[in-house]
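Biologist: I have the model open. Can you walk me through it, piece by piece?

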Amino acid sequence: MRSKLLMKMLRRQRKSSQPRASGPRRVLILSADVGEGHAAAARALARQIERSGQPAEVTVIDGLAAMGRLLQPVVEDGYRVQLRFMPWTYTVVYGLLEHVAPIRWLARRLLCLFGSRPLARRIAEHDPDVVVSTYPAVTVVLARLRRTHAIRCPAVATITDLTGLFFWAQPGIDMHLVMYGESMSPVERIAGVGSAQLVSPLISDEFSKPRCPVQARRALDLPEGGRMVVVSGGGWGVGDLTGAVRELMDVPEVSAIVCLAGRNEQLREQLSRELAGQEGVHVYGFTDEMPRLLAAADVLVHSTGGVTCLEAKAAGTPVVSYGLPVGHARLNTRAMADLNLLRLANDTNELRAHVRASFAEASSAVAIETPAHALARAGAEPAAGSLRTETTPAPEPKAPAELTAADLVLGAPKRVIPIPLWRLRLVAFVTPLVLLLGMVMWTMSTDEVTVLAAKILHVHPLARVKTDQPDVGLIVRVPARDEALVASQLAGRDIHVSFADEGSVPKPATISQVRALGDELLPAIPDTGSLLRWVKARGTLRAQARALHLRHGFYFLQPRGGLTVGQLVLARTTGAKPVSGAIRLSATGALPQRPARAGEVLVVTLVGSSASVAGLERIVSALGGDGLGVEPLAWLTGSPPIRASSNGERTSTAAPVTSIASESPSGTPPSGVSEKRSPNSAGASATGTIV
């Protein structure tokens, strides 16, 4: 599926990359409606390109919407719901993305898996000369498309934050436009040397336009005297806006507070009700008057940081960060505070202190007198080109931006070297094989679907033998080194059973001793817990069968936890039949809760100690109390009128005789072993020892 998708993308790109007639450069800007900052950066960049004087056609689309109907609601609506109702969850998610590399890799792969094809299709429709992304999630997919030949034109990404660069910067992006000099080095560590260019903030020219604060307040119908504070929650209206407004209402010098709820209509209505009647408090929703509001304000109290802080600095308005939500917004504002780009308030007490400190700093600042300053004091609008008095000077960038963002975008180089086609084809071919192999390995190594596999293969582990005789088959699981010793001890008490160990190949001496005592050895699969334990199942059973001279159709004891699918399949290829047992218990443990029934197979585990042997005698005695004798499995299944079954399965063929060649065909036991009688056609029998 992925290989077909890749080939379609490549064919589409070959068609779109054919030489075309000269004309204006086509620029496609991919934004996202996730907060106002990304859309504002896209609009500002589009205006810069249009005013650059160079022939260019600019198109701005929602890149997140272009990535498909699935990703847009998950990313956009999910992010909004998290910030408004469960902000702590976003902190957790962001922390995992930042600090846990596998989570970050998985997030990138999911974005590319669901977003690559629709985004490539939308980009091909516009056939651009350069593509610009202003949103990190879109940047991730755009970088992947650039590296896989799905798009061949240069890819550019804007970075408006100081933190979260693990998503903002991508190796597949030809050029990153960064707003802070401090971001240059981290971006180049991620995306390569020469991948970052410092540019002036991507904000509207309206914020840097000289304005008179008094005239701005008059236009907004706000008090001209006293201090004015703007409290903003960003485009989505998040953060502790109510707490900030109520705290600043008690500051004597504040005459007006403008609270911006952004596009959060529910919050705007709530604030309007709660703050109704409060003199000097004005609640706005989303507004286009932000340049004039910042010009009129003495301080901006902001919660989310980002582009709004850049706009405030351009307008010369001090910023106090308070009511931080979660995730990257908190980290970004803290990083800006470390660079003295804003003041950071962790609670309302610090908020009041920082706001008043900003007032005091503005009052005590010594500003150079210019004609613009005199006009501002007189209440006149300054002429174009004059300067506004800045009480908090903006920090100088570490490196001068020699070219504008428009120049860099229109002249973006092809720096990224796409992944070779042979490697992409190899990955497209190998990936399904690896996934298929992994699925097969998991299936063969698990016992979750063994029941289904057993039905398909018509294999049913033996748990009970259909018989009219009052006997049960007894299998004793004991370490290989103790088999002969335990068999001797049990034979002294006239108890004869089947022995199985942990799947080792029995020694000829052990085989001779056990069979000479009238018992049998049963093949078994080890109870190992390794993932690939099923691989050795066939070899283990074949080696034991050869040592015991067993023919096709022999029985073997399955592990305590049951067979995996692989063990079941490989055992089936050897012609072996699994024995599960109706009851499994330990010789030193409690007796079974229910009485055994005639024909059932019991599996008892011994450790070879005298206490275990005594425990086995106790089990045999309890069975005798119920009128049941114990016999080896081969004796029980090999008697003529007896048919083995499990879950209703019946077979008329008996299991192969496991006695050695020296035993007589009639079943007469060897010298030294007491004679046992098989059931006759009338159903009469002589059982083994009844204790």
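Modeller: One open sheet has six strands in the order S2-S1-S3-S4-S5-S6, with parallel pairing. Strands are DSSP runs of E of at least two residues, helices are runs of H or I of at least four, and both are numbered from the N terminus. Two strands pair if DSSP finds at least two bridges between them. This is a predicted model, where local features need pLDDT of at least 70 and side-chain atom pairs count only at pLDDT 80 or more, while totals for chains, interfaces and linings use all residues. Residues are numbered from 1 along each chain as its sequence is written, and side-chain values use heavy atoms, with hydrogens and water left out.

Biologist: Which are the edge strands there?

Modeller: Strand S2 (56–62) and strand S6 (196–198), each pairing on one side only. Neighbouring strands of this sheet are turned by 25 degrees against each other on average, direction ignored. Axes are lines fitted to C-alpha atoms, for helices over the stretch in contact, and angles run from 0 to 180 degrees between N-to-C directions.

Biologist: How many bridges between S5 and S6?

Modeller: Three, in the parallel sense, with S5 covering residues 175–178. His176 has Ala196 in S6 as its bridge partner.

Biologist: What does helix H2 lie across?

Modeller: H2 (residues 36–50) lies across strand S1 (25–31), S2 and strand S3 (130–133), and runs at about 165 degrees to S1. H6 also lies across S1, S2 and S3, at about 150 degrees to S1.

Biologist: Staying with H6, is Arg104 buried or exposed?

Modeller: Arg104, which is in H6 (residues 101–126), is buried and has no salt bridge. Buried means under 20% relative accessible area, exposed over 50%, and partly exposed in between, with a 1.4 Å probe and protein chains only. A salt bridge is a side-chain nitrogen of Lys or Arg within 4 Å of a carboxyl oxygen of Asp or Glu.

Biologist: Where is the nearest side chain of opposite charge?

Modeller: That is Glu98, 7.8 Å away from Arg104. For charge, Lys and Arg count as positive and Asp and Glu as negative; His and the chain ends are not counted.

Biologist: And what does the Arg104 side chain have as a polar neighbour?

Modeller: The backbone oxygen of Leu97 is 2.7 Å from a polar atom of that Arg104 side chain. Not counting residues up to four places away in sequence, Arg104 touches Leu97, Glu98, His99, Phe166 and Phe167. Contact means heavy atoms within 4.5 Å.

Biologist: What comes after H6?

Modeller: Asp127 is in the loop between H6 and S3. Asp127 has a positive phi of about 45 degrees although it is not a glycine. It counts as partly exposed because its relative accessibility is 23%.

Biologist: Where else is there a positive phi on a residue that is not a glycine?

Modeller: At His458, with a phi of about 60 degrees. His458 sits in the loop between helix H20 (450–457) and strand S13 (464–466). At 60% relative accessibility, His458 counts as exposed.

Biologist: Another histidine, then. Where is His149?

Modeller: In the loop between helix H7 (136–147) and strand S4 (155–159). His149 counts as buried, at 12% relative accessibility. A polar atom of the His149 side chain lies 2.6 Å from the backbone oxygen of Ile419.

Biologist: Change of topic. What is the strand order of the open sheet that holds S9?

Modeller: S9-S8-S7-S10-S11-S12, six strands with parallel pairing. Strands S9 (281–284) and S12 (343–344) are at the edges with a single partner strand each, so one side of each has no neighbour in the sheet. S11 (residues 319–321) and S12 pair in the parallel sense over two bridges. Ser321 stands opposite Leu344 in S12.

Biologist: Which strands does H11 touch?

Modeller: Helix H11 (residues 241–249) packs on the sheet and touches S7 (227–232), S8 (254–260), S9 and S10 (299–302); its direction makes about 175 degrees with that of S8. Helix H14 (residues 307–315) packs on the sheet too, touching S10 and S11, and its direction makes about 175 degrees with that of S10.

Biologist: What is Met290 in contact with?

Modeller: Leaving aside neighbours within four places in sequence, Met290 is in contact with Phe207, Leu260, Thr308 and Glu311. Met290 lies in helix H13 (residues 290–296) and counts as buried at 11% relative accessibility.

Notes:
A polar contact is a pair of N or O atoms within 3.5 Å; within protein, one must be able to donate a hydrogen and the other to accept it, and residues adjacent in sequence count only if both atoms are side-chain atoms.
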